[in-house]
Amino acid sequence: VNPHLSGLGEITMIRQLLFAMLALFAPFTTGSVVPTQCPNPPRTNKTVPCYVVPKCSDGLGQVITLRNNTFPASPITPGYTTSVRLCWNSTGIVLKGQLQQPDQFRNKYTKCRDYTFNADSVEYYVSPINNSMPKTPYGDPVRYIQLSVGPGSPQSMWVYYVWNEGGKYGQARDPVPCNEIPYQPVLSQNKTYWGLEVVAPFSVVGSQENGGTTQYWRVQIARIANAYRKNFTRGLFAWSPTNTTYFHESFYFGVFYLDKWTAPVPPVPPTPPPPGGSGATRLASSVLLVFMVLLSCQLL
């Protein structure tokens with residue numbers, strides 16, 4: 001502890017250090033080289049991207065820079081760069097991001113299930129690719145989780161299961177408790193950047209198949225960038241752009257491939273006892289029968 005700093009100064013220094021680490025996207029450890037090519041990704045829309053998600057013990061994946069989601073491009077594109085990197089562990093799929101926000105930052109959404117998407121925020125849509133999840137006639141996800149997070153606080157999130165039969169809009173049906181989503185925002189001192197780390201837990205985004213995990217996922221990552229100027233403007237950015245003002249069209253969801261993923265081994269059920277009981281039970285029954293026969297002979 002630095003005796004020359006007040007408590008507030010120490011907190012500021014710690015936040016600056018944390019943000020610097022996040023901004024550099026330092027890997028968790030130095031490990032094996034992470035592949036960049038997805039092997040045979042299952043997707044109907046061949047134009048959507050595929051991303052190799054390494055294990056967190058191997059480091060972070062390639063940098064994704066979100067692109068304009070609307071056509072023509074947003075008027076506030078310069079100065080609002082959004083970059084993310086990902087990895088996965090036994091808990092879920094980890095997303096780390098760095099977001100430019102050159103305007104004086106304002107955010108009033110700090111509570112669980114606040115409408116974070118009405119301010120500067122990141123949206124993370126996740127659905128596993130497996131046989132148990134509902135799909136559109138084109139094979140795209142109908143049910144997915146939407147995590148919308150903002151910089152206001154670790155509870156600044158809107159998390160729901162969303163249903164969408166393939167249209168531009170999703171229908172939020174079932175809320176997810178915010179305490180089930182590990183999330184940490186980080187603000188820079190001069191408020192020109194903010195960073196985040198959020199986890200999409202397998203226990204929440206998965207399904208009953210394979211214990212909630214699978215190797216391939218359909219995912220969209222988006223940014224709502226607000227320019228707080230005299231004339232308020234908003235920019236929409238996405239990993240897999242829909243060329244509209246919406247992010248929910250699952251036809252455009254990209255593909256995640258979890259590197260080094262293996263299917264969980266199902267537990268071996270116990271072997272049922274043979275007909276008539278176990279060997280010890282049958283032996284005890286035979287001894288009892290012999291004893292009863294001998295006793296009967298003595299009585300006669």
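# A guided tour of the model

Begin inside the protein by selecting strand 6, strand 7 and helix 2 (202-205): at least two residues from each of these elements help to line the largest cavity. The model on screen is a predicted one.

**The cavity**

Display Val126, Ser127, Pro128, Met133, Arg143, Tyr144, Ile145, Tyr161, Val204 and Val205, which together form the lining of the largest cavity. By class, this lining comprises 8 nonpolar residues, 1 polar and 1 charged. The enclosed volume of the largest cavity is about 30 Å³, and the search of the whole structure returns 1 cavity of 30 Å³ or more.

**The largest pocket**

Next, select Phe117, Glu123, Tyr125, Gln146 and His248, which lie nearest the centre of the largest pocket among its 17 lining residues. Strand 6, strand 8 (157-163) and strand 13 (233-238) are the elements that contribute two or more residues to this lining. The volume of the largest pocket is about 310 Å³, and its lining divides into 10 nonpolar, 4 polar and 3 charged residues.

**The five-stranded sheet**

Which strands should be coloured to show the open sheet of 5 strands? They follow the order 2-4-5-11-10, with antiparallel pairing. Strand 2 (64-65) and strand 10 (183-187) are the edge strands; each has a single partner, so one side of each lacks a neighbour in the sheet.

Within the sheet, focus on residues 82-88 and 92-100, which are strand 4 and strand 5; these run antiparallel and are joined by 7 bridges. Select valine 84 to find glycine 97 of strand 5 opposite.

**Salt bridges**

The structure contains 4 salt bridges, and the tour visits three stops among them. Side chains of opposite charge can pair when their charged atoms come close.

Stay with the sheet and select glutamate 197 and lysine 96, whose side chains form a salt bridge with an N to O distance of 3.5 Å. Glutamate 197 belongs to strand 11 (residues 193-201) and lysine 96 to strand 5, so that the contact links parts of the chain 101 residues apart. Glutamate 197 is partly exposed at 31% relative accessibility, whereas lysine 96 is buried at 10%.

Move to aspartate 140 and arginine 218, where the salt bridge has an N to O distance of 3.0 Å. Aspartate 140 sits in the loop between strand 6 (121-128) and strand 7 (143-149), and arginine 218 in strand 12 (residues 216-227), with their positions 78 residues apart in the chain. Is this pair buried or exposed? Aspartate 140 is buried, with a relative accessibility of 2%, and arginine 218 is buried as well, at 3%.

Then select lysine 260 and aspartate 58, which meet in a salt bridge at 2.9 Å, N to O. Both ends lie in loops: lysine 260 between strand 14 (254-258) and helix 3 (279-299), and aspartate 58 between strand 1 (50-53) and strand 2, 202 residues apart. Lysine 260 is partly exposed, with 46% relative accessibility; aspartate 58 is buried, with a relative accessible area of 14%.

**Disulfides**

Finally, display the cysteine side chains to locate the 3 disulfides. Counting bonded cysteines along the chain, their pattern is 1-2, 3-4, 5-6.

Select cysteine 38 and cysteine 50, whose sulfur atoms are 2.1 Å apart in a disulfide. Cysteine 38 lies in the loop between helix 1 (7-24) and strand 1, and cysteine 50 in strand 1, 12 residues apart. The torsion about their S-S bond is about -100°, so this disulfide is left-handed. Cysteine 38 is buried at 16% relative accessible area, while cysteine 50, at 21%, is partly exposed.

Return to strand 4 for the next link, which joins cysteine 56 to cysteine 87 with an S to S distance of 2.1 Å. Cysteine 56 is in the loop between strand 1 and strand 2 and cysteine 87 in strand 4, 31 residues apart. This link is right-handed, with 85° about the S-S bond, and both of its cysteines are buried.

End at cysteine 112 and cysteine 178, joined by a disulfide with an S to S distance of 2.0 Å. Cysteine 112 is in the loop between strand 5 and strand 6 and cysteine 178 in the loop between strand 9 (171-175) and strand 10, so the bond ties together parts 66 residues apart in sequence. Here the angle about the S-S bond is 80° and the link is right-handed. Cysteine 112 is partly exposed at 27% relative accessible area, in contrast to cysteine 178, which is buried at 3%.

Terms used. Residues are numbered from 1 along each chain as its sequence is written. This is a predicted model: local features need pLDDT of at least 70, side-chain atom pairs count only at pLDDT 80 or more; totals for chains, interfaces and linings use all residues. Side-chain values use heavy atoms; hydrogens and water are left out. Two strands pair if DSSP finds at least two bridges between them. Helices (H or I, at least four residues) and strands (E, at least two) are DSSP runs, numbered from the N terminus. Buried means under 20% relative accessible area, exposed over 50%, partly exposed in between (1.4 Å probe, protein chains only). On a 1 Å grid over the protein atoms alone, a cavity is a set of points where a 1.4 Å probe fits but cannot get out, and a pocket is an open set with protein on both sides within 12 Å along at least five of seven lines; lining residues have an atom within 4 Å of a point. Grid points are joined across faces, edges and corners, and a volume is the space filled by probe spheres set on the points. Ala, Val, Leu, Ile, Met, Phe, Trp, Tyr, Cys and Pro count as nonpolar, Asp, Glu, Lys and Arg as charged, and the others, Gly among them, as polar. A disulfide is a pair of cysteine sulfur atoms within 2.5 Å.
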